[in-house]
Amino acid sequence: DKADEWQQALACLSEAELLGLHPDIVSFSGCIRACGRSGHWERALQLLEDARQSYAAPDGIAYSAAIDACHVGTQWDKAVRLLQVMRAEGIR
């Protein structure tokens, strides 16, 4: 069920961390996208921050997923801010 997709993605990410694995940016991006599609933009943005603070530096795909999450949640100011951060960090 699509509505549960974001919860399943978060569970996989948490399980990997519990096993001592370091999720890569692909894993974080998938979770960010799943949260965004389900309208959980705040969680998507938290995951982007979590990626920044872990071993997974966000790339353009992760930022795009977070921006899409902001779009779904009509958080235009946050989407613009993410674009500014991307530009400042040289991410395309």
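**Exercise 1. Count the disulfides, then examine Cys 31 and Cys 70.**

Step 1. The structure holds zero disulfides, a disulfide being a pair of cysteine sulfur atoms within 2.5 Å. This is a predicted model, in which local features need pLDDT of at least 70, side-chain atom pairs count only at pLDDT 80 or more, and totals for chains, interfaces and linings use all residues. Residues are numbered from 1 along each chain as its sequence is written, and side-chain values use heavy atoms, leaving out hydrogens and water.

Step 2. Take Cys 31. Its nearest cysteine sulfur belongs to Cys 35, 6.5 Å away, and Cys 31 is in no disulfide. Cys 31 has 5% relative accessibility, so it counts as buried (under 20% relative accessible area; exposed is over 50%, partly exposed in between; 1.4 Å probe, protein chains only).

Step 3. Take Cys 70. The sulfur of Cys 35 is again the nearest from a cysteine, at 12 Å, and Cys 70 is in no disulfide. Cys 70 counts as buried because its relative accessibility is 0%.

**Exercise 2. Describe how α3 packs with α4.**

Step 1. Find the helices. α3 covers residues 41-53 and α4 covers residues 60-72. Helices are DSSP runs (H or I, at least four residues), numbered from the N terminus.

Step 2. Get the geometry. The packing angle is about 160°, and the axes are 8 Å apart. Axes are lines fitted to C-alpha atoms over the stretch in contact, with angles from 0 to 180 degrees between N-to-C directions.

Step 3. Classify. α3 and α4 are therefore roughly antiparallel (over 145 degrees; under 35 is roughly parallel, 65 to 115 roughly perpendicular, the rest oblique).

Step 4. List the contact (heavy atoms within 4.5 Å). α3 supplies Trp 41, Ala 44, Leu 45, Leu 48 and Arg 52; α4 supplies Ala 62, Tyr 63, Ala 66, Ala 69 and Cys 70.

**Exercise 3. Repeat the analysis for α3 and α5.**

Step 1. The axes come within 13 Å and cross at roughly 20°. That makes α3 roughly parallel to α5.

Step 2. Trp 41, Leu 45, Leu 48 and Arg 52 of α3 meet Lys 78, Leu 82, Val 85 and Glu 89 of α5.

**Exercise 4. Place Ser 29 and Thr 74.**

Step 1. Ser 29 sits in helix α2 (residues 25-37). At 7% relative accessibility, Ser 29 is buried. Leaving aside residues up to four places away in sequence, Ser 29 touches Asp 59, Ile 61, Ala 62 and Ala 65.

Step 2. Thr 74 is in the loop between α4 and α5 (76-89). Thr 74 is not a glycine, yet has a positive phi of about 50°.

Note on methods
Helix = DSSP H or I, 4+ residues; strand = E, 2+ residues; numbered from the N terminus.
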